[in-house]
Amino acid sequence: MFRSIIAVVLLVVLTGCANHLPAEKGAVQQGLASYYHDKYHGRTTASGERFEQTALSAAHRNLPFGSKVKVTNINNGRSVVVRINDRGPFVSRRIIDLSRRAFKHISNLSAGVIAVEVEVLSEP
């Protein structure tokens, strides 16, 4: 537990320096991830698509829509591949917002915010 807390604190400090992820295959970013609140289900995303909590999708500040990224939970090693279809997150220190389904693949929903690594797999 102590190691997890240290990892999250370290990521919070480092995230301030790494808000921009190049859209190049293999580029990596570490920081915090959360998931969309249910109130966004069915709303239009920045890409014009309807947001679905059951899809494997995510919001990122600068990656092109349609990019595929692998999101890995740093604390347990579990990962999920998602497609970027929205902008955000708009909370400081967070680097990606995942759909509920994607978040559940790598963590328990009760965690709320987790330390992750995001790796660009493909550009649109």
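**Overall fold and selected contacts of the predicted chain**

Of the 124 residues in the protein chain, 36% count as buried. The model described here is a predicted one, and a good place to begin is its overall layout. The chain holds 2 helices and 6 strands, and, read from the N terminus, these elements follow the order α-β-β-β-β-β-α-β. The accessible surface comes to about 6,600 Å², and carbon and sulfur atoms account for 54% of that area. Contacts across the sequence are also worth a look: among those between residues at least 6 apart, 70% join residues at least 24 apart.

Strand 1 offers a helpful way into the strand pairing. Strand 1 pairs with strand 6 (residues 114-122) in the antiparallel sense, over 6 bridges. Strand 1 also runs parallel to strand 5 (residues 94-98), and 4 bridges join these two. Residue L32 shows both pairings: L32 stands opposite A115 in strand 6, while the bridge partner of L32 in strand 5 is R94.

Aromatic rings come next. The structure holds 2 aromatic pairs. One of them is formed by Y35 and F103, with 4.8 Å from centre to centre and 50° between the planes, a tilted arrangement. This pair links distant parts of the chain, since Y35 belongs to strand 1 (residues 28-35) and F103 to helix 2 (residues 100-106), 68 residues apart. How exposed or buried are the two partners? Y35 counts as partly exposed because its relative accessibility is 23%, which lies between the limits of 20% and 50%. F103 has a relative accessibility of 0% and therefore counts as buried. Another ring, that of F65, has a charged neighbour: the charged end of R87 sits over this ring, 4.2 Å from its centre.

Finally, Q53 brings several parts of the picture together. Q53 is placed in the loop between strand 1 and strand 2 (57-59). With a relative accessibility of 6%, Q53 counts as buried, because the cut-off for that label is under 20%. What does the side chain of Q53 reach at 2.9 Å? The partner is the backbone oxygen of Y36. A polar atom of the Q53 side chain also lies 2.8 Å from the backbone nitrogen of R100. Leaving aside residues up to four places away in sequence, Q53 touches Y36, H37, D38, H41, S99, R100 and R101. Two of these names, Y36 and R100, are thus familiar from the polar contacts just described.

Terms used: Residues numbered from 1 in each chain as written. Predicted model: local features only at pLDDT ≥ 70, side-chain atom pairs only at ≥ 80, totals over all residues. Heavy atoms only, no water. Phe/Tyr/Trp six-rings, centres within 6.5 Å; stacked < 30°, edge-to-face > 60°. Buried < 20%, exposed > 50% of the residue type's maximum accessible area, 1.4 Å probe, protein only. Lys NZ or Arg CZ within 6 Å of the ring centre and 35° of its normal. Polar contact = N/O pair within 3.5 Å; in protein donor to acceptor, adjacent residues only side chain to side chain. Contact = heavy atoms within 4.5 Å. Pairing = 2+ DSSP bridges. Areas by Shrake-Rupley, 256 points an atom, 1.4 Å probe, with all protein chains shown as cover.
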